[in-house]
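Dear colleague,

I am passing the structure below on to you, and after it you will find my notes on what turned up when I went through it.

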Amino acid sequence: MDSGISLDCSYKMDYPEMGLCIIINNKNFHSSTRMASRSGTDVDAASVRETFKNLNYEVRHKNDLTREEIIELLQNVSKEDHSKRSSFICVLLSHGDEGVIYGTNGPVDLKKLTYYFRGDNCRTLTGKPKLFIIQACRGTELDCGIETDSAIDDDMTCQKIPVEADFLYAYSTAPGYYSWRNSKDGSWFIQSLCAMLNQFAHKLELMHILTRVNRKVATDYESYSLDSAFHAKKQIPCIVSMLTKELYFYH
């Protein structure tokens, strides 16, 4: 049956393996950082693990890594041979600020982490989709809301591509904003992402799925807090795409 997927315009996802999904789940932080424990994050980690295992990714799950350990882990993963893998996924669950993610002992620039996977640094992922899913704050602003009624095809072997191409960053929130997490049920973004992937990964292209995630977070959630400054707040995730083709998790 015709899947309706145009091979010229979509990533090759029928390599022997789908690829690695690295989950870095930071819950407990060194006292020197003065950062609170991220209760509810284990629910997120379990949801992500299940979702990507069901999509046939090789999931590797790490808890409470220092910034040095995060750097070492991703540097080592980037040096692996990904030639039989269709893609790469990294899920970061931690405290954050604009442009940084926190290890248990302090911040590390996201740019430093993604650098290892650039086309010129990780050759076996050149031309393949590299997804970074980031559940973390990007600042302290609060949204009050408003009422409304792979390997490159043979004919491209000599073609040059930008080293920053084929990345997608799925952020839980817009730049500068707080990101909400429920201590019992997990974060709004990760729970919505997993729900939409579970429902649509075998039917829709990735950008369409992420747009549905945006809508679900924007419409289904609102904060409840006894502190009026944090009550009735909203959130919108943010998709930053440098992908050059459509991405379907099926083929």
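Asn56 sits in the loop that runs between α1 (41-54) and β2 (58-63), in what is, please keep in mind, a predicted model. The phi angle of Asn56 is near 70°, a positive value in a residue other than glycine, and with a relative accessibility of 61% Asn56 counts as exposed. As background, most residues other than glycine have a negative phi. Ala232, which belongs to the loop between α5 and β11, also has a positive phi, near 60°, and its relative accessibility of 24% makes Ala232 partly exposed, since the cut-off for buried is under 20%.

A third loop residue may interest you for its surroundings. Thr104 lies between β5 (100-103) and β6 (106-109), and it is buried, with a relative accessible area of 3%. Its side chain reaches the backbone nitrogen of Thr66 at 3.5 Å. Leaving aside residues up to four places away in sequence, Thr104 touches Asn26, Asn28, Phe29, His30, Thr33, Asp64, Leu65, Thr66 and Arg67.

Turning to helix α5, I checked its length against expectation: at 1.5 Å a residue, the 15 residues of α5 (residues 206-220) should span 21 Å, and the C-alpha atoms at its ends are indeed 21 Å apart, so the two values agree. At the start of the helix, a side-chain oxygen of Glu205 comes to within 2.8 Å of the backbone nitrogen of Met207.

Which residues of α5 are buried? They are Leu206, Ile209, Leu210, Val213, Asn214 and Val217. Viewed down the axis of α5, these buried residues fall within an arc of 150°, and they therefore line one face of the helix. The elements that cover them include β7 (130-135), β8 (167-171), α4 (188-200) and β11 (238-241).

Several of these elements appear again around the largest cavity, which has a volume of about 60 Å³. Its lining consists of Phe52, Leu131, Ile133, Leu168, Ala170, Leu193, Leu197, Leu206, Leu210 and Phe249, and β7, β8, α4 and α5 each supply at least two residues of that lining. Leu206 and Leu210 thus deserve a second look in your viewer, being listed both among the buried residues of α5 and in the lining of the largest cavity.

With best regards

Methods
Residues numbered from 1 in each chain as written. Predicted model: local features only at pLDDT ≥ 70, side-chain atom pairs only at ≥ 80, totals over all residues. Heavy atoms only, no water. Helix = DSSP H or I, 4+ residues; strand = E, 2+ residues; numbered from the N terminus. Expected span 1.5 Å × (residues − 1). Buried < 20%, exposed > 50% of the residue type's maximum accessible area, 1.4 Å probe, protein only. Arc of directions from axis to C-beta. Contact = heavy atoms within 4.5 Å. Polar contact = N/O pair within 3.5 Å; in protein donor to acceptor, adjacent residues only side chain to side chain. 1 Å grid on protein atoms, 1.4 Å probe; cavity = no way out; pocket = protein on both sides within 12 Å on 5 of 7 lines; lining within 4 Å. Points joined across faces, edges and corners; volume = space filled by probe spheres on them.
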